[in-house]
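Hi everyone, thanks for making time for this. I'd like to walk you through one structure, so let me put the sequence and the model on the screen.

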Amino acid sequence: TENHRLLYEKYSEGTKIDVNVADTIELKKIPGIGSAIARNIVGFRQRLGGFYALEQLLEVRFFTPDLLKWFVLGKTPIKKMRINQESLDKLRSHPYLNFYQAKVIVEHRKKRGKIKSLSQLSLYEEFTEKDLERLSAYFSFD
């Protein structure tokens with residue numbers, strides 16, 4: 001049917017999609033993106049809180065560099081995690097935090113009170129400079 005064909009229509013070369021708002025249906029219209037990659041992008045974006053750089057897409061499972069040309073960063077604000085409120089499990093669910101790093105944050109809060117900036121975490125061996133750089137967009141300190 002006519003409707004059935006439209007479902008599988010792909011975007012033409014030069015089309016740009018906002019990586020922070022596209023749903024799986026829209027993502028699948030990009031040549032080279034099927035259900036698996038579309039789900040991976042949306043899942044990663046949700047766990048992340050949004051993308052601040054297109055290069056972050058390269059961290060998505062099965063995503064290849066040739067797909068980057070289809071994306072732009074819109075004006076959607078990144079969803080921040082409240083570093084002083086979140087539970088260990090919630091912190092740990094962020095793609096850029098592992099269990100040990102989440103534990104450091106929770107322990108720091110318990111022993112030393114509120115975290116006012118990420119630089120406080122640079123004192124811990126669990127965090128590298130690169131870790132803190134990647135995380136800086138994702139935390140609020142209220």
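Let me start with a question for you: how many residues apart in helix α5 are E107 and K111? They are 4 residues apart, and that means about one helical turn separates them. Before I go on, please keep in mind that this is a predicted model.

So, that pair on α5. E107 forms a salt bridge with K111, with the closest N and O atoms 3.4 Å apart. E107 counts as partly exposed because its relative accessibility is 26%. K111, at 64%, counts as exposed. There is a third partner here too: salt bridges that share partners join E107, K110 and K111 into one network.

Let's widen the view to the other charged pairs. In total the structure holds 5 salt bridges. One of them is between the side chains of E59 and R134, at 3.7 Å from N to O. E59 sits in the loop between α3 and β2, while R134 belongs to helix α6, so this pair ties together parts that are 75 residues apart in sequence. How accessible is E59, if we ask for its relative accessible area? The value is 37%, so E59 is partly exposed. R134 is partly exposed as well, with a relative accessible area of 22%.

Another salt bridge brings together the side chains of R82 and D142, at 3.4 Å from N to O. Here R82 is in strand β3, residues 81-82, and D142 is in the segment after β4, which spans 139-140; the pair therefore ties together parts 60 residues apart in sequence. R82 is partly exposed at 37% relative accessibility, and D142 is partly exposed at 43%.

Now a charged residue without such a partner. E86 lies in the loop between β3 and α4, the helix at 88-92. E86 is buried, yet it has no salt bridge. Which side chain of opposite charge is nearest to E86? That is K90, and it is 5.0 Å away. For a salt bridge we ask for a side-chain nitrogen within 4 Å of a carboxyl oxygen, so a separation beyond that cut-off does not qualify. Leaving out neighbours within four places in sequence, the contacts of E86 are M81, L91 and R109.

Back to helix α5 for a moment, because Q101 is found there too and Q101 counts as buried, at 3% relative accessibility. What does the side chain of Q101 reach at 3.0 Å? One answer is the backbone oxygen of E126. In addition, a polar contact of 3.0 Å joins the side chains of Q101 and D131. If we set aside residues up to four places away in sequence, Q101 touches Y96, E126, F127 and D131.

Let's go inside, to the nonpolar part. In soluble globular proteins, nonpolar side chains tend to be buried together. In this model, the largest nonpolar core has 39 residues, and I41, F71 and L121 touch the most other members. Helices α3 (35-48), α5 (99-112) and α6 (129-135) each supply at least two residues of this core. Which element gives the largest share? It is α3, with 6 residues.

Take I41 first. Not counting neighbours within four places in sequence, I41 is in contact with L27, I33, F51, L57, V60, F63 and F71.

One of those partners, L57, deserves its own look. L57 is placed in the loop between α3 and β2, the strand at 71-72. Is L57 buried or exposed? L57 is buried, because its relative accessible area is 0%. Again beyond four places in sequence, L57 is in contact with V19, I41, F51, F63, L68 and F71. To relate L57 to where we began: L57 and K111 are 54 residues apart in sequence and 36 Å apart in space, C-alpha to C-alpha.

Last item, for those of you who like backbone torsions. F62 is found in the loop between α3 and β2. F62 is not a glycine, although it has a positive phi of about 75°.

That's my tour. Thanks for listening, and I'm happy to bring any of these spots back up on the screen.

Note on methods:
Residues numbered from 1 in each chain as written. Predicted model: local features only at pLDDT ≥ 70, side-chain atom pairs only at ≥ 80, totals over all residues. Heavy atoms only, no water. Core = buried A, V, L, I, M, F, W, Y, C linked by side-chain atoms within 4.5 Å. Buried < 20%, exposed > 50% of the residue type's maximum accessible area, 1.4 Å probe, protein only. Contact = heavy atoms within 4.5 Å. Polar contact = N/O pair within 3.5 Å; in protein donor to acceptor, adjacent residues only side chain to side chain. Lys, Arg positive; Asp, Glu negative; His and termini not counted.
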